[in-house]
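Here is a friendly briefing to read alongside the structure. Keep the viewer open and follow along topic by topic.

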Amino acid sequence: MLERSLARAAYVDDKVWERERVDLFATSWVCIGRSDQVASEPGSYRLIDLQGENVLVVRGDDSSLRAFVNVCRHRGAELVDSTDAAACAGTFGALIRCPYHSWTYNNDGSLRGAPYLSDLDRDAHGLIQLQFATWGGFAFVRQDDGRDESLLECIGAGAARIANYPLESLVVAASICYRVDANWKVLAENYNECYHCLPVHPELCDLVPSFRHGGGSDLDWERGIPHRAGAYTFTTTGTTNRAPFPGLSADELVNHKGELIYPNLFVSLSCDHVAAFVMWPEGPARTTVVCDFLFHPDQVAKSDFDPSDAVTFWDLVNRQDWSICERVQRGMTSRHFTEGLFSPIEDPSLDIRRWWGDRMRSAGGPATAGPTP
């Protein structure tokens, strides 16, 4: 029996999106990229937009990263101008100073000074701090701690499945930003199945012939995806001059692995590089995707290092995915569309239906868009 997808409203309705912003994203550990994307100098910062909430990630004097709401505790002025693209990353220096009345904060968020208010309780008026954690070199922020879950609890078994890859020590050597006119859940569902690979990804099927037969439904996904004979990585040729990561298993040296870490991180792992996708949902029908290509620093340091064999192949596959996802989004806007169906081959795509439904219901009442898993 075929299972139903989430209902149409989950993908196209503004009201559902507003619920997601508050009930799902604010209560989840949201990936914001790599932790080293904030410079190592104390006072360095990065301003990010978490579904409409401006958040500052600041490097403290102790080298630790912390996340703060981009709001002065005095009268609510933005500490960093969110309309100035050039100001979205930089360095505060020794102090964070509000431009309105010159309230100053230390890089750990504590209040340093408030002009003419010597009797103010400084301990009670530091910057509003959000939860911040890292895993595998990726940085995560959670705005609302209403759900008592650590980051590792949220990542779950996926962390163990890819524990051999040296994620924390890898560096970004290339990055592509895509703007996709589709709901973020459409992208996640697409990532989680390969039923679509034969019609959408001919080049990928040349590299992974198993995808031509049942979308790879007979594969042992935990061992990884085998390539064609003689191939072992996600490039056009299936080979590369880069050395494999140290410490990989025999399967990981020749197979490809992938993990979807809800709500917004895809990690696709080859023996010599990792493609990391961070989704930035911007509404019910718009998602920005930042794809970072991660390599071992020893390989990046070589004079002949060239990431283009991986980047070119991934860019081709990505654009095929985004194009078909946009067609899905346009189709779902039809008033005659009510819900989709999942074939047995697409069972992994049901994960987001279950995860989404649990989050939306536990946040305050039933999930109004879609079946109860």
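The notes below go through strands, helices and cores in turn.

This is a predicted model. Strand β16 is a good place to begin, as ten of its eleven residues are buried. Helix α2 comes next, with β16 among the elements that cover its buried residues. After that come helix α5, an open sheet of seven strands and the nonpolar cores.

**Strand β16 and its partners**

- Strand β16 spans residues 273–283, and because ten of these eleven residues are buried, the strand is largely enclosed by the rest of the structure.
- Strand β15, residues 265–269, pairs with β16 in the antiparallel sense through five bridges.
- Within that pairing, S268 has A275 of β16 as its bridge partner.
- The β15 and β16 strands make a hairpin, with three residues between them.
- Strand β17, residues 286–295, runs antiparallel to β16 and is joined to it by ten bridges.
- In this second pairing, V278 sits opposite V290 of β17.
- The hairpin that links β16 to β17 passes through two residues.

**Helix α2: which side is buried?**

- Helix α2 covers residues 14–25, and its buried residues are V16, W17, E20, D23, L24 and F25.
- These buried residues take up an arc of only 155° around the axis, which means that they lie on the same side of α2.
- As background, an α-helix has 3.6 residues a turn, so residues three or four places apart point the same way.
- D14 and K15 are exposed on the other side of α2.
- The cover over the buried residues of α2 includes α1 (9–12), β2 (30–34), α5 (184–191), β16 and α10 (350–362).
- D13 caps the N-terminal end of α2, with a side-chain oxygen 2.6 Å from the backbone nitrogen of K15.

**Helix α5**

- Helix α5 is mostly covered, with seven of its eight residues buried.
- Those buried residues are W184, K185, V186, L187, A188, E189 and N190.
- At the start of α5, N183 brings a side-chain oxygen to within 2.8 Å of the backbone nitrogen of K185.

**The seven-stranded sheet**

- Seven strands form an open sheet with antiparallel pairing, in the order β2-β11-β10-β5-β4-β3-β6.
- β2 and β6 (89–91) are at the edges with a single partner strand each, so one side of each has no neighbour in the sheet.
- From one strand to the next, the twist averages 30°.
- Four bridges pair β2 with strand β11 (residues 138–142) in the antiparallel sense.
- In that pairing, A139 of β11 is the bridge partner of G33.

**Nonpolar cores**

- The largest nonpolar core holds 89 residues, and W135 and F138 have the most contacts inside it.
- Helix α9, residues 308–332, gives this core its largest share, eight residues.
- What does F138 touch, not counting residues up to four places away in sequence? Its contacts are C31, G33, R34, A133, L167, L265, V267, A276 and L294.
- There is also a second, separate core of 18 residues, with L47, A77, L79 and C98 among them.
- In soluble globular proteins, nonpolar side chains tend to be buried together.

Terms used
Residues numbered from 1 in each chain as written. Predicted model: local features only at pLDDT ≥ 70, side-chain atom pairs only at ≥ 80, totals over all residues. Heavy atoms only, no water. Buried < 20%, exposed > 50% of the residue type's maximum accessible area, 1.4 Å probe, protein only. Pairing = 2+ DSSP bridges. Arc of directions from axis to C-beta. Contact = heavy atoms within 4.5 Å. Polar contact = N/O pair within 3.5 Å; in protein donor to acceptor, adjacent residues only side chain to side chain. Core = buried A, V, L, I, M, F, W, Y, C linked by side-chain atoms within 4.5 Å. Axes fitted to C-alpha atoms, helices over the stretch in contact; angles between N-to-C directions.
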